[in-house]
Amino acid sequence: MRKNIVAGNWKMNLDRNQGIFLLHDVLERLSVSNKTEVVFAPSFIHLYKASKICKSINNVFIASQDCSVNTKGAFTGEVSAEMIASCGAKYVILGHSERRVNFNEKNDLLRRKVDHALVNNLEVIFCCGESLDQRESGVYFEWIKKQISESLFGLSAVDFTKIVIAYEPVWAIGTGVTASSNQAQEIHGFIRKTIEERYGRKIAQSTSILYGGSCNPSNASELFSQKDIDGGLIGGSSLNADDFVSIVNSF
Ligand code: PEP
């Protein structure tokens, strides 16, 4: 059985006090019997404290928003997968479009980051998605298949079970324009089929595939009711406790 997951990507927001305040605010509103896995992806400064706070809470985990491609040494400003794991994080988000576009992260670099993450026992939330141009010119299926296959399909079947996919159409991220549930389901179904061709039905059926891109309390239930949508990667709406909890409760 695959998991339903709602992950909040705080991006470069919230100082130490604000971040810990928001975390407590969300935790207080979450139902104890919550069956959906809830993930917070704060900036590096929060990883250790947030992991400590969430450690004993059922189904709540911490993710880093990135990790270095290097293991250690003279890489000023970088944070390694090993360091992130030592803070208590369960996941690392890799391949977010803001990193692909603003930091020029390509499929091969991401493949190497995925390897580092897995070696250090981090699971990976791997983002993929097309630009508006690619959607309009109809090349988005090939593009998404290339992103996934070039960065992930060298993994063994056992390692692939540590991957969560997040489909995030770039034109929907932070724009207020959401993919319709049909558009999202079409791609999620395609991603699952692509995984099945490489790893077989059992693994494809147990892989969680999240939707991201202007997901909010008013569109989450419709999106999450689609058969291949297993939750969301949430940006803007994860910064508001009411909105985020309402999305978590949208299954
Ligand atoms: C994101 O950055 O992963 C994201 C989905 O952002 P937003 O929800 O703000 O579109």
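A: Start with a term. A polar contact is a pair of N or O atoms within 3.5 Å. Keep that cut-off in mind for the ligand. One caution too: this model is predicted.

Q: Which atom of Gly236 lies 2.8 Å from an oxygen atom of the ligand?

A: A backbone N or O atom of Gly236 is at that distance from a ligand oxygen. With the cut-off at 3.5 Å, this pair is within the range of a polar contact. Glu168 brings a polar side-chain atom to 2.7 Å from an oxygen atom of the ligand. Ser214 uses a polar backbone atom, also 2.7 Å from a ligand oxygen.

Q: How much of the ligand's accessible area does the protein cover?

A: Compare the ligand on its own with the ligand in place. Alone, the ligand has 290 Å² of accessible area, and the protein covers 95% of that.

Q: How many residues surround the ligand, and which are the closest?

A: The shell has 14 residues. The closest are Lys11, His96, Glu168, Gly174 and Ser214.

Q: How does that shell divide by class?

A: Sort the residues by type. Eight are polar, four are nonpolar and two are charged.

Q: Now a strand. How many residues of β1 are buried?

A: Burial is read from relative accessible area; under 20% is buried. Strand β1 spans residues 5–9, and five of its five residues are buried.

Q: Which residues of β1 sit on one side, and which on the other?

A: Look at the two faces in turn. Ile5, Ala7 and Asn9 are on one side, and Val6 and Gly8 are on the other. Both faces are covered.

Q: Which strands pair with β1?

A: Read pairing from the bridges. Strand β2 (residues 37–41) runs parallel to β1, joined by five bridges. Asn9 has Ala41 as its bridge partner in β2. Between these two strands the chain passes through helix α1 (residues 16–29), giving a right-handed β-α-β crossover. Strand β8 (residues 231–234) also pairs with β1, in the parallel sense, over four bridges. There, Gly232 stands opposite Val6.

Q: What is the surrounding of β5 like, buried or exposed?

A: Count its residues. Five of the six residues of β5 are buried, so the rest of the structure largely encloses this strand.

Q: Which strands pair with β5?

A: Again, follow the bridges. Strand β4 (residues 91–94) pairs with β5 in the parallel sense over four bridges. In that pairing, Glu123 of β5 is the bridge partner of Tyr91. Strand β6 (residues 163–167) is parallel to β5 as well, with five bridges. Phe126 stands opposite Ile165 in β6.

Q: Backbone angles next. What is the usual sign of phi?

A: Most residues other than glycine have a negative phi. A positive value is therefore a cue to look closer.

Q: What is phi at Asn59, and where is Asn59?

A: Asn59 is not a glycine, yet phi is positive, at about 65°. Find Asn59 in the loop between α2 (47–54) and β3 (60–64).

Q: What about phi at Asn121?

A: Phi of Asn121 is positive too, near 65°. Asn121 sits in the loop between α5 (107–119) and β5 (123–128).

Q: Is Asn121 buried or exposed, and what value says so?

A: Exposed means over 50% relative accessible area. Asn121 has 68%, so it is exposed.

Q: A charged side chain now. Where does Arg100 lie, and why is it called buried?

A: Arg100 is in helix α4 (residues 97–102). Its relative accessible area is 13%, so it counts as buried. Sequence and space give separate readings: Arg100 and Gly77 are 23 residues apart along the chain and 18 Å apart, C-alpha to C-alpha.

Q: Where is Asp228, and which side chain does it contact?

A: Asp228 is in the loop between α11 (220–224) and β8. With a relative accessible area of 5%, Asp228 is buried. Its side chain makes a polar contact with the side chain of Lys227, at 3.3 Å.

Q: One more loop residue. Why is Ala89 called buried?

A: Ala89 has a relative accessible area of 9%, so it falls in the buried class. The loop holding Ala89 runs between α3 (81–86) and β4. Ala89 and Val39 are 50 residues apart along the chain, with their C-alpha atoms separated by 9.8 Å.

Notes. Residues numbered from 1 in each chain as written. Predicted model: local features only at pLDDT ≥ 70, side-chain atom pairs only at ≥ 80, totals over all residues. Heavy atoms only, no water. Near = heavy atom within 4 Å. Polar contact = N/O pair within 3.5 Å; in protein donor to acceptor, adjacent residues only side chain to side chain. Areas by Shrake-Rupley, 256 points an atom, 1.4 Å probe, with all protein chains shown as cover. Nonpolar A, V, L, I, M, F, W, Y, C, P; charged D, E, K, R; others polar. Buried < 20%, exposed > 50% of the residue type's maximum accessible area, 1.4 Å probe, protein only. Pairing = 2+ DSSP bridges. Right-handed = clockwise from strand over helix to strand, strands pointing away.
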